[in-house]
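Dear colleague,

Here is the structure I promised to pass on to you, and below it I have written down what was found in it, going slowly through each part.

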Number of protein chains: 4
Amino acid sequence: MAKSKFEYVRQFETQDPCLPNTWIVIRLDGRNFHRFSTDHGFTKPNDERALQLMNRAAETVMNDFRDIVISYGQSDEFSFVLKKSTMLYSRRASKLMTHIVSQFSSSYVFHWAQHFPDQPLQYPPGFDGRVILYPSNKNLRDYLSWRQADCHINNLYNTCFWALVQQGGMTNKQAEERIRHTFSADKNEILFSEFGINYNNEPEIYKKGTVLVWKRVEETVMKTCRTEEDPVERPREVTKLRKKAVPLHTDIIGDVFWEEHPDILEEECFG
Amino acid sequence: MAKSKFEYVRQFETQDPCLPNTWIVIRLDGRNFHRFSTDHGFTKPNDERALQLMNRAAETVMNDFRDIVISYGQSDEFSFVLKKSTMLYSRRASKLMTHIVSQFSSSYVFHWAQHFPDQPLQYPPGFDGRVILYPSNKNLRDYLSWRQADCHINNLYNTCFWALVQQGGMTNKQAEERIRHTFSADKNEILFSEFGINYNNEPEIYKKGTVLVWKRVEETVMKTCRTEEDPVERPREVTKLRKKAVPLHTDIIGDVFWEEHPDILEEECFG
Amino acid sequence: MAKSKFEYVRQFETQDPCLPNTWIVIRLDGRNFHRFSTDHGFTKPNDERALQLMNRAAETVMNDFRDIVISYGQSDEFSFVLKKSTMLYSRRASKLMTHIVSQFSSSYVFHWAQHFPDQPLQYPPGFDGRVILYPSNKNLRDYLSWRQADCHINNLYNTCFWALVQQGGMTNKQAEERIRHTFSADKNEILFSEFGINYNNEPEIYKKGTVLVWKRVEETVMKTCRTEEDPVERPREVTKLRKKAVPLHTDIIGDVFWEEHPDILEEECFG
Amino acid sequence: MAKSKFEYVRQFETQDPCLPNTWIVIRLDGRNFHRFSTDHGFTKPNDERALQLMNRAAETVMNDFRDIVISYGQSDEFSFVLKKSTMLYSRRASKLMTHIVSQFSSSYVFHWAQHFPDQPLQYPPGFDGRVILYPSNKNLRDYLSWRQADCHINNLYNTCFWALVQQGGMTNKQAEERIRHTFSADKNEILFSEFGINYNNEPEIYKKGTVLVWKRVEETVMKTCRTEEDPVERPREVTKLRKKAVPLHTDIIGDVFWEEHPDILEEECFG
């Protein structure tokens, strides 16, 4: 079989390495999730099950890609931040984004039934992905702030919109017109005075989205080993420290979070 | 909320449009599928169920991306060819590859149970993807020939290897050494003289892989309409022509296939 | 000297190979040539000396880069077309465009005095460059047609504009307003009826720009050698065939030129 | 003239913006300068005239591109560093590198006669260029240190090599073999003990290369204006502060230079 004759086509493949010493952010977004959420009866304005499923898929991704230092998700999007010095897949953008979006997508379907026990998945959902590079820590924090600010703005809008529709009896169109030109303060006021809703008391996961960070947890595992007291090799319970991705629903725009998690940004590659 | 202050981070996003008037090939490959196939009891050298599941996921992709003109799959890889003139996602490489790899991955999990009724999926599998551009029809055909030649070479090797192991009682290492320096003719001879296997009679799906092409099929649907004979609007059975992706296990290296499917290459963008 | 300590910075360099089997076009444009032409007393609407100097610089480029198959220039721009199969500088876009723009720029200054004997060069001019890839012959021809059509349109406009100013006594502003909304036919009419200029009789170099193509020319050189008649080695006049870039001022939009120069496009790389 | 019909070819042009908030380094190198230096009788190991001409061309570049914050040259190469926040040509890599390499090349020829009054330029020289991005100040300093360390290593080698040839009467081959496997200390010793040359006393421009930095200089210009004492508008001598590129031959590897020139790195774009 004349393999060599065709092999030249490999020369058309290109490399797309990410610039060294920059933060690599991979953001994925649901494809046609407006329709997907309707088809699967997501509650409005937020569906707790859907958000937890997103987080679960993101945890799977983090467990597979240990060079992710922080992730942030809200609505049908998730951002993964790879450390500046990562050499995963030689920093090739295509490899990184497709692997992560693939693992996220298959995990979303894999864990569906557990989060939607009463709602069968009707068709496989899709996500797109992109790679963005940030040279400085400030750029990276501003990126994450941008996504969390976006979460807040959308959630306030949606909370107000659906209160007007679900409790106020408005049509979608009427609700939209009512709040189109309002500021945040106005929406807070509508929620409070018309529906008795104090927006500040809304669940943090809705207002802040989800941050996934690594935490060292103790884990008890069985291991065949000796101890100082007992020189015979036998199975024993041993405590190990393991990195585990844990979800937080907290502000990442201010400095407090970053002061409490100095590890995330301190890593320096080539100085 | 000071959204505008963070918005500048969008400037760090880049466009990555594919050169116009070139064939866009997106190939995806299973990640760690050696381990995955072992963990899920795939039969060796080929698992019919696994191949059909790959094909099923690829069909889902084609139905979602109608600008794909042909797809080719073998083992744990699949290549999708978008027509030269496609303007899907403005030809942005990142969008195209992540959408396709995402849809493939979620479909693979979604359809798993149907193809592996007795084998639960233990964890979500991953695939990577890449984009390759081919300027000429000859380049494209050579790419597809390269993949099909690769299928043949690997399958002949694997068929021989596993015959030596499963029927010949060799260890993996022994089998590997036995055929390391052999040519195709030698492997054919081993199969025939030692195991009575005529390689030519092996299933085409193993030897050739799977080509997915569009076929126009008639479909009977219900539609509320009038006819010439009956001017009253009422539900009627109507026949529609619809494009459907159909699998073939045939040679695509020679000219016959391309003469029988002239539509695939004839499309010309900007001449 | 700790060289190795700094060497890592090379990893930040990127490769930018051009897609194989595509025409590589490098176009360069004068920087601030409006001002440059005024500072150096270029005649309007066309300065024969300046055009010949551009052509001379382009010839120098072609002699240095023998993989250029055709070049086209007009006004202060020049396009160089590298053959599809060129492996010059491993097809790296940065190398190709900087080398060509550099050689053009230094040649422009080097040959200045010969073309402008009475006009000293007051400061070194600048050119920018870009790389554009064209997959098909039709795309390439359309690119060259686009530049030649542009030459015609600008030249007709400028010829008309400067006739109104130089012979018609209008201000620049008046001339501009007079022809702003006219079609080609109107401009031809103005030139003919008001100034007795038949645009068709204008010099071809102004109307068509300059095409540089290779021609095999005979060259007489001295070489120390034997002949059949005289077996003694001695210096003799020998005729050699040599590729030489020659300027044409001819239509390249229609088919005639391409039928007369079949070599330019026939080259095929990987088919 | 059917311009619109061809205009589509513009879609094949690509953008290549440099990542924001990174240092943009453009390095250019002489093409075939070994031959060029021989053809033009450059003295070995260093030709003062040639180095000054390089510096002169680099100054011209800096005067045209005021966003360059520092330049460094040695031998036949020069590096230009654009400030992190530059928006020159929208940070398009092609534009930046071709403009700079073009201006450098034409300036080199333009100023030739002044630096080589007795040596006519025989043919126009060429330079190539490339763009490299550095995210952090440390990366940028390490890049410049890499080039200066390279200058030192090459100059020590060349000084030793040419002493052996010019004063020691060795052939090139003999000299090469003599120092092939020596360390810096060995070369210093050869120079001192065999030729009485103390390498430390060699000219700084040879050992360190040339750094070009901006300096604010006072300039006396004529300006028509009033003064407090004399309210009549008349031409007067006025002192203006102007940025001027000045050459230094100093160490840029250590901290001293950077402490003395804090402006170069302090600029911060998007923090």
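Leaving aside residues up to four places away in sequence, A:G30 touches A:D76, A:G126 and A:F127. Please keep in mind while reading that this is a predicted model. A:G30 belongs to strand β1 of chain A, which runs over residues 23-31, and with a relative accessible area of 19% A:G30 counts as buried, because the cut-off for that word is under 20%.

The reason for starting with this residue is an annotation. In an unreviewed entry, UniProt lists A:D29, A:G30 and A:D76 under "binding site". These residues are spread over 48 residues of sequence, and yet they cluster in space, with a largest C-alpha distance of 5.8 Å. The UniProt record, again as an unreviewed entry, also has a "binding site" annotation that covers A:D29 and A:D76.

It is worth looking at the other two residues in turn. A:D29 is also found in strand β1 of chain A, and at 17% relative accessibility it counts as buried, since that value is under 20%. When residues up to four places away in sequence are not counted, A:D29 touches A:D76, A:E77, A:G126, A:F127, A:D128 and A:R130.

A:D76, by contrast, has its place in a loop of chain A, the one between β2 (68-74) and β3 (77-82). With residues up to four places away in sequence again left out, A:D76 touches A:L28, A:D29, A:G30, A:F33, A:M54 and A:F127. If you display the contacts of A:D76, you will therefore find A:D29 and A:G30 among them, because contact here means heavy atoms within 4.5 Å.

What does chain A look like as a whole? Chain A has 11 helices and 6 strands, and its C-alpha trace spans about 70 × 65 × 45 Å along the principal axes. Of the 271 residues in chain A, buried residues make up 52%. Taking the contacts in chain A between residues at least 6 apart in sequence, 71% join residues at least 24 apart. The area that chain A exposes is about 12700 Å², and carbon and sulfur atoms supply 49% of it. Chain A carries 35 positive and 38 negative charges, and the mean positions of these two sets are 6 Å apart.

How is chain B related to chain A? A turn of 180° with a shift of 0.0 Å along the axis lays chain B on chain A with an RMSD of 0.1 Å. The two copies are thus related as by a two-fold rotation axis. As for where they meet, 100% of the interface residues of chain B are also interface residues in chain A, so the copies meet through the same surface.

Some details of the backbone also deserve a careful look. In chain B, the peptide bond from B:K44 to B:P45 is cis, with omega near 5°, and B:P45 is found in the loop between α2 (33-39) and α3 (48-64). In chain C, the peptide bond from C:K44 to C:P45 is likewise cis, with omega near 5°, and C:P45 is found in the loop between α2 (33-39) and α3 (48-64) of that chain.

Two serines are listed here for their phi angles. C:S75 is not a glycine, although it has a positive phi of about 50°, and it lies in the loop between β2 (68-74) and β3 (77-82) of chain C. D:S90, which is also a residue other than glycine, has a positive phi near 50°. The place of D:S90 is in the loop between β3 (77-82) and α4 (93-110) of chain D, where it is partly exposed, with a relative accessible area of 48%.

Is A:S90 in chain A buried, exposed or partly exposed? With a relative accessible area of 46%, A:S90 is partly exposed, and it is found in the loop between β3 and α4 (93-110) of chain A. The C-alpha atoms of A:S90 and A:F183 are separated by 46 Å, and these residues are 93 apart along the chain.

With best wishes

Conventions. Residues numbered from 1 in each chain as written. Chains lettered and ligands numbered in written order. Predicted model: local features only at pLDDT ≥ 70, side-chain atom pairs only at ≥ 80, totals over all residues. Heavy atoms only, no water. UniProt positions renumbered as here; feature names shortened; annotations may be inferred. Helix = DSSP H or I, 4+ residues; strand = E, 2+ residues; numbered from the N terminus. Buried < 20%, exposed > 50% of the residue type's maximum accessible area, 1.4 Å probe, protein only. Areas by Shrake-Rupley, 256 points an atom, 1.4 Å probe, with all protein chains shown as cover. Lys, Arg positive; Asp, Glu negative; His and termini not counted. Charge placed at Lys NZ, Arg CZ, Asp CG, Glu CD. Least-squares fit on C-alpha atoms with pLDDT ≥ 70 in both.
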